[in-house]
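Student: I would like to learn how to read a structural model feature by feature, taking the general idea before the particular case. Could we work through one together?

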Amino acid sequence: MAKFRKKGGKEVPAISTGSMPDIIFMLIFFFMVTTSMRETTLKVKMRLPEATEVQKLEKKSLVSFIYIGPPTNAKLYGTESRIQLNDQYARIDDIIPFIEQERLDRAEADRPLLTTSLKIHEEVRMGLVTDVKQELRKCGAFRINYSVRKGE
Amino acid sequence: MARKKKKVPEINASSMADISFLLLIFFLVTTTMDTDSGITRRLPPPVENPDMDVKVKERNILNVMINKYDKLMVNGKPCDISELKDKTKVFITPNPNDEKSPEIEMKDIEFIGSFMTNKGVVSLKNDRGTSYQMYIAVQNELAKAFNELREEVAWRYFQQHYADMTDKDKIDAVNKAVPVRVSEAEPEEIK
């Protein structure tokens, strides 16, 4: 028995876990910083319609967004549905320059693959949507995606 | 005067790691970027000559109209949205024995072979006053009809669910066998 006790005495010193929290915190900060969504601040109300037959948008870097909906600040901007491009309200004529700009920002090889995602509030009338679609057709942005909520 | 200093017991920091792990996992889970999903469609190129109408035989068209009160009309008859999927499916399913259903075209498709494809086109018209919600609901029903048919073809020829297929060529084959032909009319006022 004594033999065993002798062996037990030579214990490996425990690894200090004192720095573990710091490492984990570092990871947390890393995730907190990197997953900051690069989304624009919405100036229009956004409640997407529901649909079941959805497809995922494949390459997020190849998507440009057009938001349409009633302004969030109804007192200032009224309740008429507005188009938002990037961070500001836009008119229907601004869509073509916007798409051109989006194209310029991408590598040349990717330009034909550019998809326009239409994020449209469910109460918007189709008139405005049709106008936007006509503009997109004019400038050759044929790939579109109606953004929806996945429902049952 | 050697007073014994009272020792403050050290706080056990070993659970700190667990706490921060918990936080880490929380962030990992919650910051899933909301993956954008939606209904993908291709817009037609702008028409150069608006007066020139492409003539399509009447039996090859399924007219779907939505008015500004979000009411639906299919081939001139009022229709409820719950019936739309079935009607569309009947329309796009190749049916060589029926005079009234769309024409059939034999096509040679890789992996499938000779396949009867349907020449039918769903024509979708909406009013400027139609709500986007209704429009998407209709698009969704149409997509459902096409997807169901694709599923059937995928199952018949490849014994696979359409959604589970990974082989690009096979997916293309099914897509070719059941093309999504939804045409959206040039905007005009409908009563």
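**Reading chain B and its partner**

Tutor: Let us begin with a loop: Gln159(B) lies in the loop between H3 and helix H4 (168–177) of chain B, and please keep in mind throughout that this is a predicted model.

Student: What is the sign of phi at Gln159(B), and near what value does the angle lie?

Tutor: The phi of Gln159(B) is positive and near 50 degrees, in a residue other than glycine, and this residue comes just after H3(B). As for its surroundings, Gln159(B) counts as exposed because it has 7 C-beta neighbours inside 10 Å, where the limit for that class is 12 or fewer.

Student: Which loop holds Asn75(B), and is that residue buried, partly exposed or exposed?

Tutor: Asn75(B) sits in the loop that links strand E3 (72–74) to strand E4 (77–79) of chain B, and its phi is likewise positive, near 50 degrees, in a residue other than glycine. Because 14 other C-beta atoms lie within 10 Å, Asn75(B) is partly exposed.

Student: How does one check the length of a helix such as H3(B) against what is expected?

Tutor: The idea is to compare an expected rise for each residue with the distance between the helix ends. At 1.5 Å a residue, the 27 residues of H3(B) should span 39 Å, and the end C-alpha atoms are 37 Å apart, so the two values agree.

Student: How many residues does H3(B) give to the largest nonpolar core?

Tutor: That core has 52 residues, and those with the most contacts inside it are Ile68(A) and Val138(B); the largest share of the core, 13 residues, comes from H3(B). If neighbours within four places in sequence are set aside, the residues in contact with Val138(B) are Val64(B), Ile66(B), Leu72(B), Ile81(B), Leu84(B) and Leu124(B).

Student: How should I then read the interface, and which elements of chain B supply at least two residues each to the side that touches chain A?

Tutor: One starts with the residues on either side and then asks where they come from. Here 39 residues of chain B are in contact with 44 residues of chain A, and helix H1 (16–30), strand E1 (37–42) and helix H3 (132–158) of chain B each supply at least two residues of the side of chain B that touches chain A. The largest share of that side, nine residues, comes from H3(B), while by class the side has 18 nonpolar, 15 polar and six charged residues.

Student: Which strands of chain A pair with E1(B), and in what sense do they run?

Tutor: Strand E2 (residues 55–56) of chain A pairs with E1(B) in the antiparallel sense over two bridges, with Ser37(B) in E1(B) as the bridge partner of Lys56(A). Strand E7 (residues 143–147) of chain A also runs antiparallel to E1(B), to which five bridges join it, and Asn145(A) stands opposite Thr40(B) in E1(B). As a general guide to reading strands, side chains in a regular strand alternate between the two faces of the sheet.

Student: How many helices and strands does chain B have in total?

Tutor: Chain B has four helices and eight strands, which follow the pattern α-β-β-β-β-α-β-β-β-α-α-β along the sequence. Of the 191 residues in chain B, 23% are buried.

Technical notes:
Residues numbered from 1 in each chain as written. Chains lettered and ligands numbered in written order. Predicted model: local features only at pLDDT ≥ 70, side-chain atom pairs only at ≥ 80, totals over all residues. Contact = placed C-beta atoms within 7 Å. Nonpolar A, V, L, I, M, F, W, Y, C, P; charged D, E, K, R; others polar. Pairing = 2+ DSSP bridges. Expected span 1.5 Å × (residues − 1). Buried ≥ 20, exposed ≤ 12 C-beta atoms within 10 Å, placed from the backbone. Core = buried A, V, L, I, M, F, W, Y, C linked by C-beta atoms within 7 Å.
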